[in-house]
Amino acid sequence: MRNEHAPLTPSFDEGSLARPAVAAVEQLVITANDGTDLVHGVSVVVRPGEAVGIVGESGSGKTLTCRALLGILPPGLSISGGSVLIDEHDLTHATEPEWRRVRGSHIAAVFQDPASYLHPAIPVGVQLEETLRITAGVPRRATRARARELLDDLGIRRVDLVLRQRVAQLSGGMLQRVLIAMALAADPAVLIADEATTALDVTVQAELLELLKRLRIERDLALVLVSHDLAVVAQVCERVQVFRDGRVVEAGATSRVLRAPGHPYTRELLAAHAAYGLEKYLS
């Protein structure tokens, strides 16, 4: 049994860096229609079984970088430099049909506010089954059984009741688990969790972080965890990249960056989080 008081920060295995990347952006530049660069030459690489944290304040470019990895940049923005690679295939200028073949089956995501990604009038089980049918190609007659298996694997009790319920009947933590199940429906190699635990209370947040850690290990899943909260990243990620104003200002093993930050902005972030007991995750 795991020691409940043991530090949650994973150890950084430099041997994992020899594994080929399953997703990467290299020297990525994202530009608005008016010519303003919003992301300036950012590189992010994630490998199987690895958890990479991306931290920074709102507007730092972390979410835009992840949206480029998913092929879902907002209207008015485009990639003007660098490359986007999924399983070493260049999708920098891929068409939407090309992205649809990759999104869900190779790379998937969960975001903040799960209720906004689910239809309020349709039972969540029906929505999960439809995802399994369309994204994973599960035959319609088998979708309910597969939906039960997914939710059970995510630690959900009374699975049949949850499958019958609608958005308004479920807590934020339960809705986020349903979205994680949808994201994992086609067994992708990469999962992006973009502020996925931000709106949850501390207890539920801790449960979901433990769940993401377990899924990463059991599925050899590459996890990109985006957060403004250094404590969240410290609990889950082996490597961290600090974003500011559309640039990566510091990167490296989580324990090194958070114990001995080299950039003034990282030190500012650490000072701002000191009151929340960040050091307990680094002991």
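These notebook entries record what I looked up in the structure, which is a predicted model.

**Entry 1: cysteines**

I began with the disulfides and asked how many there are. The count is zero. I then looked up why Cys66 is not bonded to Cys237. The closest cysteine sulfur to that of Cys66 belongs to Cys237 and is 11 Å away, which is too far for a bond. A disulfide requires the two sulfur atoms to be within 2.5 Å. I noted likewise that Cys237 takes part in no disulfide. I also checked the accessibility of both residues. Cys66 is buried, at 2% relative accessibility, and Cys237 is buried with a relative accessible area of 0%.

**Entry 2: helix H1**

I next turned to the helix that holds Cys66. Helix H1 covers residues 62-70. Is this helix mostly covered or mostly exposed? I found H1 to be mostly covered, since seven of its nine residues are buried. Among them are Leu64, Cys66, Ala68 and Leu69. Lys62 is also on the list of buried residues. After H1 comes Gly71, and I recorded its phi as positive, near 70°.

**Entry 3: salt bridges**

I looked up the number of salt bridges and found 15 in the structure. I then examined three pairs.

The pair I took up to begin with was Glu129 and Arg144, whose closest N and O atoms are 2.4 Å apart. Glu129 lies in helix H3 (residues 124-135) and Arg144 in helix H4 (residues 143-153), so this salt bridge ties together parts that are 15 residues apart in sequence. Glu129 is buried, with a relative accessible area of 16%, whereas Arg144 is partly exposed at 26%.

I then took up Glu210 and Lys213, which form a salt bridge with their closest N and O atoms 3.6 Å apart. Both residues lie in helix H7 (residues 202-219), three residues apart, and are therefore separated by about one helical turn. An α-helix has 3.6 residues a turn, so residues three or four places apart point the same way. Glu210 is partly exposed, with a relative accessible area of 27%, while Lys213 is buried at 13%.

My next pair was Arg256 and Glu250, with a distance of 2.9 Å between the closest N and O atoms. Arg256 counts as partly exposed at 36% relative accessibility, and Glu250 counts as buried at 7%. Finally, I asked which residues are joined into one network by salt bridges that share partners. They are Asp153, Asp187, Arg214, Glu218 and Arg219.

Key. Residues numbered from 1 in each chain as written. Predicted model: local features only at pLDDT ≥ 70, side-chain atom pairs only at ≥ 80, totals over all residues. Heavy atoms only, no water. Buried < 20%, exposed > 50% of the residue type's maximum accessible area, 1.4 Å probe, protein only. Helix = DSSP H or I, 4+ residues; strand = E, 2+ residues; numbered from the N terminus. Salt bridge = Lys/Arg side-chain N within 4 Å of Asp/Glu carboxyl O.
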